[in-house]
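Me: Please take me through this model one short question at a time. Keep the cut-offs explicit.

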Amino acid sequence: MAKYQKVTSQELFDRMDRREDLILVDVREDGEVRTGKIPGAKHIPLRELPMRLSELDPNREIVFVCAGGNRSKKACQYVADQGFDAVWNLEGGMKKWIGPVE
């Protein structure tokens with residue numbers, strides 16, 4: 001089983017503030033994303049991730065986001081199992097996000 005890392009809302013906010021080269025992927029459903037997402041996050045619902053994996057760059061750090069952290073954890077595990085090395089799960093998901101939303 002491949003490994004992934006966890007990032008807190010504050011850590012992610014700080015990394016974004018430093019303009020680190022991250023890909024953010026929101027794996028929530030369409031209706032959830034309409035309520036707001038982290039600015040710049042790419043929306044790929046969890047159920048679509050296997051078909052859309054080619055949209056992600058395995059050479060960049062990827063942070064997965066959902067409502068509370070469970071679906072993003074599944075996304076992290078799946079992507080890590082596909083050979084991606086730098087995979088992060090936003091702990092607590094959007095419920096814990098402290099930054100702006102779009």
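**Contacts, sheet and cysteines**

Me: Which class does Arg-60 count in: buried, exposed or partly exposed?
Reply: The relative accessibility of Arg-60 is 28%. Buried means under 20% relative accessible area, exposed over 50%, and partly exposed in between (1.4 Å probe, protein chains only). So Arg-60 counts as partly exposed.

Me: What pLDDT do local features need in this model?
Reply: Residues are numbered from 1 along each chain as its sequence is written, and side-chain values use heavy atoms, with hydrogens and water left out. The model is predicted: totals for chains, interfaces and linings use all residues, side-chain atom pairs count only at pLDDT 80 or more, and local features need pLDDT of at least 70.

Me: Which residue meets the side chain of Arg-60 in a salt bridge?
Reply: Side chains of opposite charge can pair when their charged atoms come close. A salt bridge needs a side-chain nitrogen of Lys or Arg within 4 Å of a carboxyl oxygen of Asp or Glu. At 2.7 Å, N to O, the partner of Arg-60 is Asp-21.

Me: How many residues apart in sequence are the parts that Arg-60 and Asp-21 tie together?
Reply: Helices (H or I, at least four residues) and strands (E, at least two) are DSSP runs, numbered from the N terminus. Arg-60 is in the loop between helix 3 (49-52) and strand 4, while Asp-21 is in the loop between helix 1 (9-17) and strand 2. So the separation in sequence is 39 residues.

Me: Which residue forms a salt bridge with Lys-37?
Reply: Lys-37 is buried at 14% relative accessible area, and its N to O distance in the bridge is 2.8 Å. Lys-37 lies in the loop between helix 2 (30-33) and strand 3 (42-43), and its partner in the segment after helix 5 (93-96), so the pair ties together parts 65 residues apart in sequence. The partner is exposed, at 52%. This residue is Glu-102.

Me: How many salt bridges does the structure hold?
Reply: Arg-52 and Glu-48 make one of them, at 2.8 Å, N to O. A network of salt bridges links Glu-29, Lys-42, Arg-47, Glu-48, Arg-52 and Glu-55. Across the structure, the total is twelve.

Me: What is the strand order in the sheet?
Reply: Two strands pair if DSSP finds at least two bridges between them. The five strands form an open sheet with parallel pairing. Strand 1 (5-7) and strand 3 stand at the edges with a single partner strand each, so one side of each lacks a neighbour in the sheet. The order is 1-5-4-2-3.

Me: Which residues of strand 2 point the other way from Leu-22, Leu-24 and Asp-26?
Reply: In a regular strand the side chains alternate between the two faces of the sheet. Strand 2 (residues 22-26) has five of its five residues buried. Opposite to Leu-22, Leu-24 and Asp-26 point Ile-23 and Val-25.

Me: Which residue in strand 4 is the bridge partner of Val-25?
Reply: Strands 2 and 4 run parallel, joined by five bridges. Ile-23 stands opposite Ile-62 there. On its strand 3 side, Val-25 stands opposite Lys-42. In strand 4, the partner of Val-25 is Phe-64.

Me: What is the hand of the crossover from strand 4 to strand 5?
Reply: Strand 4 and strand 5 (residues 87-90) pair in parallel over three bridges, with Phe-64 partnered by Asn-89. The chain passes between these strands through helix 4 (residues 70-81), a β-α-β crossover. Such a path is right-handed if, with the strands pointing away from the viewer, it runs clockwise from the first strand over the helix to the second. This crossover is right-handed.

Me: How far is the sulfur of Cys-66 from the closest cysteine sulfur?
Reply: A disulfide requires two cysteine sulfur atoms within 2.5 Å, and the structure holds zero. Cys-66 is buried at 2%, and Cys-76 is buried at 0%. The closest sulfur to that of Cys-66 is in Cys-76, too far for a bond, at 9.1 Å.

Me: What is the phi of Arg-19?
Reply: Most residues other than glycine have a negative phi. Arg-19 lies in the loop between helix 1 and strand 2 and is exposed at 75%. Its phi is positive, about 60 degrees.
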